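Welcome! Here is a short guided walk through a protein model, written for someone meeting it for the first time.

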Amino acid sequence: MFPLPIRPRRARLNASQRALLQETRLHPSQLVLPLFIRESPGQSPAIDALPDQQRYLIEELPPIITQALSKGIVAVALFPCLLADKKTPDAAHALDPDTLILRATRFLRQRFPELIIITDVALDPYTSHGHDGLLDSKGQVDNDATLEILAQQALLQAQAGATWVAPSDMMDGRVKFIRDTLDQAGYTQTCILSYSAKFASAFYGPFRNAIGSDTAAGTLALDKKTYQLPYTNPTEALRDALLDVEEGADALLVKPAGHYLDIIFRLRQLTHLPVAAYQVSGEYLQICATAQAGWIDRSQAILESLYAIRRAGAQFILTYFALEAAALLKE
């Protein structure tokens, strides 16, 4: 035997040792379950681009919520899939008091008082052009004209019972505009989860299919580069995120997650706010497809990907694997 005084392997020789010394922990309560909601029984529940996911009617939500709670998941994020006739250039249906996400939020709040409900503040589910904001006469996204409708959308969601409103639009100044609107209306306890570092990514395609904005836009690859971040610019992303801190965000979200671990890590070092991450539809589909082909172990890949996001510094993670991962974590 060689005289090796330092043998790192001895700390890894059995499961008990490894558990004792585990540095990164992941609990089901740190997972957020995204849920797609459809308006009509005539809409397809199946999502072609997202295997094992579906669009739920509002009355179909209680069993999946009950299942999530039983696994230790305490939060859901709601995304509406509207009928085509509800989509207009001015996104007017976003402010309809009876719009789908508001009905779903009221329904769930009444039945699950302790559930954390995160609602999406953005216009792409409501616009006929598929953009996250209103367009000006030149067809460009009009930042300031969009702020008012976003703030009113967030207020309606807070009134319906949302725990967190989550602006995902990437307009300048929207966090402050929303915070001021909520506070002036007395909703000082409603939290803002800001999509602070949302990149112009190729990995959103399956999500756009799920909410129907690909149909509105006519393409999965609608160009949103005038408001979403360039994936080449980490410093610009951090600057945007820190502006949201100043404007009153309660937590900052990085999207996508797996390809932007450096952003999660650096943001974690720069702020005392909670940092979250969204393991997006394209990331989900990569694991599903390669596992289906038999090239990787699905369960191990799910856990490894989520632990990587946690290790980078995310305190909670939106992931379509939430239910499956929660079950794996309890094994």
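## Charged pairs, a helix contact and the cysteines

Asp 180 has a relative accessibility of 30%, so this residue counts as partly exposed. Please keep in mind throughout that the model is predicted.

Let us stay with Asp 180 for a moment. Its side chain meets that of Lys 176 in a salt bridge, with 2.7 Å from N to O. Both Asp 180 and Lys 176 belong to helix H5 (residues 174-184), where they sit 4 residues apart, about one turn of the helix. Lys 176, at 45% relative accessibility, is partly exposed as well. As background, side chains of opposite charge can pair when their charged atoms come close.

How many salt bridges does a search of the whole structure find? The search finds 16. Three of these pairs are set side by side here.

| Salt bridge | N to O distance | Relative accessible area |
|---|---|---|
| Asp 180 and Lys 176 | 2.7 Å | Asp 180: 30%, Lys 176: 45% |
| Glu 39 and Arg 103 | 3.4 Å | Glu 39: 17%, Arg 103: 27% |
| Asp 223 and Lys 225 | 3.9 Å | Asp 223: 48%, Lys 225: 59% |

The pair of Glu 39 and Arg 103 deserves a second look. Its closest N and O atoms are 3.4 Å apart. Glu 39 lies in the loop between strand E1 (31-38) and strand E2 (55-56), while Arg 103 lies in helix H3 (residues 100-111), so this salt bridge ties together parts that are 64 residues apart in sequence. Is Glu 39 buried or exposed? With a relative accessible area of 17%, Glu 39 is buried, because the cut-off for buried is under 20%. Arg 103, at 27%, is partly exposed. Glu 39 and Arg 103 also belong to a network of salt bridges that links them with Lys 86, Asp 98 and Arg 106.

In the pair of Asp 223 and Lys 225, the N to O distance is 3.9 Å. Asp 223 is partly exposed at 48%, whereas Lys 225 counts as exposed at 59%.

Next, a meeting of two helices. The axes of helix H9 (residues 261-270) and helix H11 (residues 298-312) come within 8 Å and cross at roughly 30 degrees. Angles under 35 degrees count as roughly parallel, and H9 and H11 are therefore roughly parallel to each other. Which residues make the contact? On the H9 side they are Leu 261, Ile 264, Phe 265 and Arg 268, and on the H11 side Ala 308, Ile 309 and Ala 312. Sorted by class, this contact of H9 with H11 has 6 nonpolar residues, no polar ones and 1 charged residue.

Now to the cysteines. The structure holds 0 disulfides. Cys 288 is in no disulfide, and the nearest cysteine sulfur, belonging to Cys 81, is 19 Å away. Cys 288 is buried, with a relative accessible area of 6%, while Cys 191 is partly exposed at 21%.

One last stop is His 129. This histidine lies in the loop between strand E4 (116-121) and helix H4 (143-160), and it is buried, with a relative accessible area of 15%. His 129 and Arg 103 are 26 residues apart along the chain, and their C-alpha atoms are separated by 24 Å.

How values were computed
Residues are numbered from 1 along each chain as its sequence is written. This is a predicted model: local features need pLDDT of at least 70, side-chain atom pairs count only at pLDDT 80 or more; totals for chains, interfaces and linings use all residues. Side-chain values use heavy atoms; hydrogens and water are left out. Axes are lines fitted to C-alpha atoms, for helices over the stretch in contact, and angles run from 0 to 180 degrees between N-to-C directions. Angles under 35 degrees count as roughly parallel, over 145 as roughly antiparallel, 65 to 115 as roughly perpendicular and the rest as oblique. Contact means heavy atoms within 4.5 Å. Ala, Val, Leu, Ile, Met, Phe, Trp, Tyr, Cys and Pro count as nonpolar, Asp, Glu, Lys and Arg as charged, and the others, Gly among them, as polar. A salt bridge is a side-chain nitrogen of Lys or Arg within 4 Å of a carboxyl oxygen of Asp or Glu. Buried means under 20% relative accessible area, exposed over 50%, partly exposed in between (1.4 Å probe, protein chains only). A disulfide is a pair of cysteine sulfur atoms within 2.5 Å.
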